[in-house]
Amino acid sequence: MDQARIAAATKGAKTYRGNACKNPDHRGGDGKSERYVTNGCCVSCSREKALAYSRRMRNVLRALAVED
Ligand SMILES: [Zn+2]
């Protein structure tokens, strides 16, 4: 496992600088990406996925509200 991840977990930190994300926009100046200690997922990717999901849900709920 990534040493930086172990170090972050030991400190009780939520995130660490880990492997570069497949999305170049998610890489910092050090060529690494911010990742969650718990699941190893890229923080930026997770944020984008959550945003996309809430946007989709908003549309679904709006569509349902119109039907009533
Ligand atoms: Zn990412």
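These questions and answers cover a predicted model of one chain.

User: What makes the model readable, given that it is predicted?

Analyst: The predictor's confidence runs from 0 to 100. The chain averages a pLDDT of 95. Of the residues, 97% score at least 70. Among the elements, β2 has the highest mean, 98. Helix α2, residues 43–67, has the lowest, 95.

User: Which elements does the chain have, and in what order do they run?

Analyst: There are two helices and two strands. From the N terminus the order is α-β-β-α.

User: How do you know that β1 and β2 are paired?

Analyst: Two strands pair if there are at least two bridges between them. Four bridges join β1, residues 15–18, to β2, residues 33–36. Therefore the two strands count as paired. They run antiparallel. Y16 stands opposite R35 in β2. G18 stands opposite S33 in β2.

User: What do the side chains do along β1?

Analyst: They alternate. Y16 and G18 point to one face and are buried. T15 and R17 point to the other face and are not buried.

User: And which residues of β2 are buried?

Analyst: S33 and R35 are buried, and they point to one face. E34 and Y36 point to the other face and are not buried. In a regular strand the side chains alternate between the two faces of the sheet.

User: Why is A50 called exposed?

Analyst: A residue is exposed if 12 or fewer other C-beta atoms lie within 10 Å of its own. A50 has 10, so A50 is exposed. A50 is in helix α2. From A50 to G29 the C-alpha distance is 25 Å, and the two are 21 residues apart in sequence.

User: What makes L61 count as exposed?

Analyst: The cut-off is 12 or fewer C-beta neighbours. L61 has 10 inside 10 Å, so L61 counts as exposed. L61 is found in helix α2. L61 and S33 are 28 residues apart in sequence and 34 Å apart in space, C-alpha to C-alpha.

User: Why is G40 called partly exposed?

Analyst: Exposed stops at 12 neighbours and buried starts at 20, with partly exposed in between. G40 has 13 other C-beta atoms within 10 Å, so G40 is partly exposed. G40 lies in the loop between β2 and α2.

User: Which residues does G40 touch, not counting residues up to four places away in sequence?

Analyst: G40 touches G18 and R35. Two residues are in contact if their C-beta atoms lie within 7 Å. G40 and T15 are 25 residues apart in sequence, and their C-alpha atoms are 8.6 Å apart.

User: What makes C41 partly exposed?

Analyst: C41 has 15 other C-beta atoms within 10 Å. That is between the exposed limit of 12 and the buried limit of 20, so C41 is partly exposed. C41 lies in the loop between β2 and α2. Leaving aside neighbours within four places in sequence, C41 is in contact with R35, Y36 and S46. C41 and T15 are 26 residues apart in sequence and 9.5 Å apart in space, C-alpha to C-alpha.

User: How do you know that the chain is not a compact globule?

Analyst: Set the radius of gyration against the globule rule. A compact globule of 68 residues would have a value near 11 Å. The chain has 17 Å. Along the principal axes, the C-alpha trace spans about 55 × 25 × 15 Å.

User: How much of the chain is buried, and what share of the contacts is between residues 24 or more positions apart?

Analyst: Buried residues make up 10% of the 68 residues. Among contacts with a separation of 6 or more, residues 24 or more positions apart account for 12%.

Key:
Residues numbered from 1 in each chain as written. Predicted model: local features only at pLDDT ≥ 70, side-chain atom pairs only at ≥ 80, totals over all residues. Rg over C-alpha atoms; globule rule 2.2 N^0.38 Å.
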